[in-house]
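Student: I should like to go through this model and ask what justifies each term applied to it.
Tutor: Then let us begin with the structure itself.

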Amino acid sequence: MESDALFANTGSRGERPLRGMGWNPTKPIQPHKPFRGWIERSDGGRLLACVVGCDLLKECGSWDVRFAAKGVVLEKLFDRRVIMVTGKGGVGKTTITAALARVAAKQGKRVLALDLERDLESPSTLLRLLGGPDAFRKDEPYVISPQISCARLTPRGGHFQFLIDQVPFKMMAQAAMNSKYLTRFLMAAPGFQELGLIYRMLPYIRKDPKTGRAHYDVVLVDLPATGHALALTSLPKPFLQIFQGGPIRAAIEEAQHYFYDTKVTGAVAVTLPEPLPVSETFELLDGLRRDRVPIAGVIVNRIPQDPFEDSERQSLLEFFLTHRNEVLGEWSLRRILRAREALERLQQGFAEQGRVPLLTLEEQWVEQPGACMAALMQIFLDEPWLMQAA
Amino acid sequence: MTLDDERPKQQKADEEMQGEHLNQGAARDALRGVLQNKRIVVCCGAGGVGKTTTSAALGVAGALLGRKTLVVTIDPARRLADALGMPAHADTPQRVDIARLVPEQQDIQGSLDFWMVQPFPIFDEMIRTLSASPEDAERIYKTRIYQATRHLVAGMQEYMAGESLFQFYSRRTYDLIVLDTPPSRNAIDFLNAPDQILRFLDSRILRVFAPSESSGFFLNRARKLLNSVFEQVAGLSFLSDTQEFVGLMLHIFDTLQEHADTVRRVLASPESSHLLVTSPDPLALEEALYFQRVLLERHIPFGGFLLNRSLADHPKHSFLSLSAEKRESWGTLPMSLQDAFEKLEPLAAHEYALSEQHFDLYHRLVMLAGKQSWALAAPHLGEDIEDLRGLFRLVDALLPRLVAAVA
């Protein structure tokens, strides 16, 4: 179990060389405090927002997944170099990726955010959220600030990169890419698009053989939704069967070397506190374990605010059963109940499948556009799981 | 200024009094027409908008309208399959027992089958039925490429969804096929898939990989280039493996191409209709505009917009403006309830603001739809649809009176 691997060596962790301002074994981690903050949706309008909340965790009972408060050592997310963000469609993957990128940058890391795309025709939301021009149409990193770059990677870019690396002259690679036959094959043969994307990611992940240093401290990958993300992570097995030798095989093996290493890579699953997204999260975690991708944590986004005591929820529910459609609020109440049930299911699932760090973001209604990404960053900066311990 | 404000105050008040303030009669008739007359209904939309659930509900509606209906989904929403009492990994479509939720006096002519695309059963059957001989099929099964492909998820689903659509369409087992498209960031992705498949299956391209036979100058040149590239990058075994596989499959690829071509033609014909399922997301309007334009450009029949899980049709009574009489009508409320109401108030205000936003979005979609198409708002039923009963409720909200009463 990859997630268990996070905890397996708790006792001996102090012996591991610590990088930079990494975890300090002599300093106890502070108990979790309640946070408030906001996040805005990608269009920047007056919209729903999220807040990290401990209140809810407290109410939901013994959240052993929230082990920070129990003194269990937390594997710091940004100790890993490659963080892959995925989850069901529409749960907020891209927004979370952008916020994580900004937080890592604020912690002094050189960050690269990667947007994996089919082509560059439509604008990149990730680039926009990071403050870059969303219509940037080149398959290369766009430098947003000295700390943050963002690149839009495409299968075609990966195929081209591969040819450049393999054939003696760039002109030959260009000629091959101009070949209708080859490009049609590469874009339509099952799995070759994903292969191209994986290849395109490699230069950003591998360390410079001379200096032994990676180009970026943290590479955040905005993966596609569950199904396509798992199509990507399950690719190596059949392709290693097909390619018995040569540089394609070497590249896949190199990718596996990075992606399977808990010290290098961690997947973050974003979800919502609703039945279907929670079910899909379990399927996603199962798939990631099967494909040996280390799981770094789960982020539950848009948890509705719950100001009620248990008894109040109960009496309100009874009231609405007898007074249907008389006043507003029933929809909100049911949403809260659904969210609580979803969180309990997550907790139960983690108890059965192995523990996973869990971060909850509570929803807030915000009036002021613009202030939100910064506020979400503030939450993340306070979060022990993400924080660089001082 | 919202569209909402532009409507005469009196009209607005009247509609609100009726509880049904969206006036969706025409849109409902249009959707009913689509389900009654089309052979293929394609549900497009970005990930997470509820495409699979909507597709299933449209399937139920199709069956209630008397059609032999099949819902094909590519989304791995196992829970929905569970809820419908369906095995998630069946090799063939499974019958959904809708009769148990319909009152006895309502006679159902139609039926509903549900299927989650399983690429490999289709792939295997395709090889079995299309190979020149059973020996050829056996030889294909033994190739390394075939063995590896069985573990490949990427790309295979799209291919096999197309092939299964062809099979169901041409066998005429079903009157209506509702197709749920794979989750993607972009609703357009699915529309590009057939072209890409067709280009790939273009036998001229695949012949390049086939064992050499006499052919034209350009083909030979292309083959030489490919051979040299693949020898360098993939090792000799890849090339010989591919040649063996493609050689055996060439005939199958040709048939597959014909099938893909048929599918593309049918999807672009008046026999089909494409719906855009969208959620009340701020980006929904932008997406709808883009989708409509692309369909128009490619001459693909566009049905309408389905605004899913919205509060557009939410009751308009505000929690904040509770009249004194209303409070009195409840009698004396227990203390705990009074506290709870106080805490509920900001949430209800939020709910109200959301419903205003969704209402506004809905009207913009109606404007965008114009006279040629339609926009229909499905209500937020307050929960995820988790069973057949839930689907019936959604059907009832989309097309009221289709089912006499949900048991």
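Tutor: Accessible areas here come from the Shrake-Rupley method with a 1.4 Å probe. The model is a predicted one, and for its chain B the accessible surface comes to about 17800 Å². Carbon and sulfur atoms account for 51% of that surface.

Student: What share of the residues in chain B is buried?
Tutor: Of the 407 residues in chain B, 57% are buried. The term applies to residues under 20% relative accessible area.

Student: Why is Ser315(A) called buried?
Tutor: The cut-off for buried is under 20% relative accessible area. Ser315(A) has 12% relative accessibility and therefore counts as buried. This residue lies in helix α13 of chain A, residues 310–322. Beyond its neighbours within four places in sequence, Ser315(A) is in contact with Ser336(B) and Leu337(B).

Student: What makes the pair Lys343(B) and Glu312(A) a salt bridge?
Tutor: The rule asks for a side-chain nitrogen of Lys or Arg within 4 Å of a carboxyl oxygen of Asp or Glu. In this pair the closest N and O atoms are 2.9 Å apart, so the criterion is met. Across the interface of chain B and chain A, the rule finds 1 salt bridge. The elements giving two or more residues to the side of chain B that touches chain A include α12 (217–267) and α15 (335–369) of chain B. The largest share of that side, 15 residues, comes from α15(B).

Student: How is the size of such an interface expressed?
Tutor: It is often given as the accessible area lost when the parts come together. Between chain B and chain A about 6800 Å² is buried, with 65% from carbon and sulfur atoms. In terms of contacts, 75 residues of chain B meet 79 residues of chain A.

Student: Which parts of chain A are assigned to domain 1 and which to domain 2?
Tutor: The domain assignment gives 1–74 + 304–390 as domain 1 of chain A and 76–301 as domain 2. Between them these domains bury about 3800 Å², 64% of it on carbon and sulfur atoms.

Student: How do you know that Arg338(A) and Glu274(A) form a salt bridge?
Tutor: Their closest N and O atoms are 2.8 Å apart. The limit is 4 Å, so the pair qualifies as a salt bridge. The count between domain 1 and domain 2 of chain A is 1 salt bridge. On the side of domain 1 that touches domain 2, α14(A) supplies the largest share, 10 residues.

How values were computed. Residues numbered from 1 in each chain as written. Chains lettered and ligands numbered in written order. Predicted model: local features only at pLDDT ≥ 70, side-chain atom pairs only at ≥ 80, totals over all residues. Heavy atoms only, no water. Buried < 20%, exposed > 50% of the residue type's maximum accessible area, 1.4 Å probe, protein only. Domains from an automatic or database assignment. Buried area = accessible area lost by both parts, 1.4 Å probe. Helix = DSSP H or I, 4+ residues; strand = E, 2+ residues; numbered from the N terminus. Contact = heavy atoms within 4.5 Å.
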